[in-house]
Amino acid sequence: MGHGGILSFMHRFLGAGHWKNSRFHSFSAINFTNLPSLVAFSYILRAEFYENVFKECRKHGIEPLVTITHFDFPIHLIKEYGGWRNRKVIDFYKRLCTVIFTRFKGLVKYWLTFNEINILLHAPFMGAGIVFEDGEDKKEVLYKAAHNELVASAWATKIGHEIDP
């Protein structure tokens, strides 16, 4: 069964009016890290794949609901910036959102910025790329990371409305 068949099945038999693609996050590295050009090219090809998926959804009356960040944080940004504890990561996220909102303008109406943003309080590495240092105030780091993610989410909303009102 091809993608069209699966999406058609979901829509017709499960009554799916929205389709949540929880695997979209694999695309998120396109502008979120410093990738060699060959690897970046593979992400561009993946973008074409998702564009086709979104077009197929719309063809069958399914409105995609896409999660931008789903428990994935580039290791480069963990090593170089310390994860979401660092406010500089907000600018990387803003660039990511600009790229994907522009790329999928008119195809995706509903975006989720972070899947379960509160998970960073329970699984700091998975949720925010946080690796604690010895003697560090863990609560302070977690709340700073949460603040930065929320600020990034607000920016994403603003950018999204500017690109695709």
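Welcome to the tour: this structure holds 7 salt bridges, and the model you have open is a predicted one. We will visit several of those bridges, then turn to the aromatic rings.

**The whole chain**

Before zooming in, colour the model by secondary structure. You should find 6 helices and 3 strands, arranged along the sequence as α-β-α-β-α-α-β-α-α. Of the 165 residues in the chain, 45% are buried. If you draw a contact map, take the contacts between residues at least 6 apart in sequence: 77% of these join residues at least 24 apart. Switch on the surface as well, and you are looking at about 9,300 Å² of accessible area, with carbon and sulfur atoms contributing 57% of it.

**Stop 1: the end of helix H2**

Select Lys59 and Glu56. Both belong to helix H2 (residues 37-59), where they sit 3 residues apart, about one turn of the helix. Their side chains form a salt bridge, with 3.7 Å between the closest N and O atoms. Which partner is buried and which is exposed? Glu56 is buried, at a relative accessible area of 19%, while Lys59 is exposed, at 61%. The 19% of Glu56 falls under the 20% cut-off, so this residue counts as buried.

Now add Arg58 and Glu63. This salt bridge has its closest N and O atoms 2.8 Å apart. Arg58 is partly exposed, with 37% relative accessible area, and Glu63 is buried at 17%.

Next, pick Glu51, Lys55 and Arg103 together. What links these three residues? They are joined in a network of salt bridges.

**Stop 2: helix H4 and Lys94**

Move on to helix H4 (residues 88-103) and select Lys94 with Asp91. These two residues are 3 apart in the helix, so about one helical turn separates them. Their side chains meet in a salt bridge, at 3.7 Å from N to O. Lys94 is the buried partner at 19% relative accessible area, and Asp91 is partly exposed at 44%.

Keep Lys94 selected and add Trp155. Lys94 lies over the face of the Trp155 ring, 3.6 Å from the ring centre, so here you can view a salt bridge and a charge over a ring at one lysine.

For another lysine placed over a ring, show Lys138 and Phe132: Lys138 lies over the face of Phe132, at 5.2 Å from the ring centre.

**Stop 3: the aromatic rings**

Display the side chains of Phe, Tyr and Trp. How many aromatic pairs does the whole structure have? A search finds 9. Start with Phe49 and Tyr50: their ring centres are 5.2 Å apart and their planes stand at 70 degrees, so this pair is edge-to-face. Phe49 is partly exposed at 36% relative accessibility, whereas Tyr50 is buried at 6%.

Then go to Tyr81 and Phe92, whose ring centres lie 5.1 Å apart with planes at 65 degrees, again an edge-to-face pair. This pair links distant parts of the chain, with Tyr81 in helix H3 (residues 75-81) and Phe92 in helix H4, 11 residues apart. Tyr81 is partly exposed at 24%, and Phe92 is buried at 14%.

For the last selection, choose Phe49, Tyr50, Phe54 and Phe104. Ring pairs link these four residues into a cluster.

Note on methods:
Residues are numbered from 1 along each chain as its sequence is written. This is a predicted model: local features need pLDDT of at least 70, side-chain atom pairs count only at pLDDT 80 or more; totals for chains, interfaces and linings use all residues. Side-chain values use heavy atoms; hydrogens and water are left out. Helices (H or I, at least four residues) and strands (E, at least two) are DSSP runs, numbered from the N terminus. Buried means under 20% relative accessible area, exposed over 50%, partly exposed in between (1.4 Å probe, protein chains only). Contact means heavy atoms within 4.5 Å. Accessible areas come from the Shrake-Rupley method with a 1.4 Å probe; for residues, only the protein chains shown count as cover. A salt bridge is a side-chain nitrogen of Lys or Arg within 4 Å of a carboxyl oxygen of Asp or Glu. Rings of Phe, Tyr and Trp (its six-membered ring) pair if their centres lie within 6.5 Å; planes under 30 degrees apart count as stacked, over 60 as edge-to-face and the rest as tilted. A charge sits over a ring if NZ of Lys or CZ of Arg is within 6 Å of the ring centre and within 35 degrees of the ring normal.
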